[in-house]
Structures are given as C-alpha cells and as structure tokens.
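Here is a short report on strand pairing and one surface patch. Keep the structure open as you read.

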Amino acid sequence: MLKAFIALCTLLLQFDLLGLSLVVWADSKGSWSCQEDKCPHRLAPLSEGRIEGDALQCSYHGWKFNCRGACIQIPQIDDPKAQSTALASPRARVQ
C-alpha cells in the first residue's frame with residue numbers, strides 16, 4: 001500500500017501561500033519537500049518539471065535539485081571541475 005501511495009505522489013503540486021509560489025513533491029523514498037516554484041537559473045516554474053528518482057528536474061534546461069533545494073546536476077556542464085564549482089554556488093540553490 002505504501003508503494004502505491006508513493007507512486008501517486010510523483011506529481012508536482014503547485015500552490016501559493018502568503019504570496020509565495022511553492023512546489024511540493026515527494027522523492028522515490030516518500031520524503032516530502034516544499035520549495036519555491038522557480039528554478040534559480042532562468043526562474044522557470046519547477047512545478048512544470050518532473051521528478052526523476054530523488055530529484056526534481058527543471059523542464060527548461062534540465063537542472064536537477066534534491067529535496068533540500070541543492071542543485072545536484074547541470075547537464076550542460078561536461079567538465080567535472082566546472083560542474084563541482086557550479087553546484088557549490090549558493091546561486092544554484094532553490095529556497
């Protein structure tokens with residue numbers, strides 16, 4: 001029954017609360033997350049993205065974020081050192 005519930009929770013839910021646009025989602029383990037509904041890269045709505053395993057993927061450029069809002073992958077950066085530097089930047093984080 002828990003697996004069926006988690007499967008249903010692969011949807012992204014967008015809502016506004018006190019003037020903030022938020023997205024709520026659950027990862028593959030059933031852990032819930034609530035974040036601002038905008039990608040830090042181009043401010044695209046994350047609620048239009050998709051859940052891939054334990055990450056929320058932005059539909060615009062494919063950046064992936066974990067449940068804490070940290071960017072964990074930027075597909076356009078092939079160089080591992082540049083990827084590491086970009087991911088460590090606070091500007092690549094969802095609030």
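## Pairing, and what counts as it

Two strands are said to pair if DSSP finds at least two bridges between them. Strands of a sheet pair through backbone hydrogen bonds, either parallel or antiparallel. The model shown here is predicted.

## The open sheet

Four strands form an open sheet: 4 strands in the order E4-E5-E6-E7, with antiparallel pairing. Its edge strands are E4 (50-52) and E7 (71-73). Each of these two pairs on one side only.

Take the E4 end. Strand E5 covers residues 55-57. E4 and E5 run antiparallel and are joined by 3 bridges. Ile51 stands opposite Leu56 in E5.

## The E1-E2 hairpin

Strand E1 spans residues 13-17. Strand E2 spans residues 20-26. The two pair in the antiparallel sense, over 5 bridges. One bridge sets Phe15 against its partner Leu22 in E2.

The hairpin has 2 residues between the strands. Leu18 takes a positive phi there, near 50°.

## The nonpolar patch

Which residues make the nonpolar surface patch? They are Leu11, Leu13 and Trp32. The patch measures about 330 Å².

Leu13 links this patch to the hairpin: Leu13 belongs to the patch and lies in strand E1. Why can Leu13 count towards a patch? Patch residues need over 30% relative accessible area. Leu13 qualifies on that cut-off because its relative accessible area is 44%, which makes Leu13 partly exposed.

Methods: Residues numbered from 1 in each chain as written. Predicted model: local features only at pLDDT ≥ 70, side-chain atom pairs only at ≥ 80, totals over all residues. Heavy atoms only, no water. Patch = residues over 30% accessible without salt bridge, like charges linked within 9 Å, V, L, I, M, F, W, Y side chains within 5 Å. Areas by Shrake-Rupley, 256 points an atom, 1.4 Å probe, with all protein chains shown as cover. Salt bridge = Lys/Arg side-chain N within 4 Å of Asp/Glu carboxyl O. Buried < 20%, exposed > 50% of the residue type's maximum accessible area, 1.4 Å probe, protein only.
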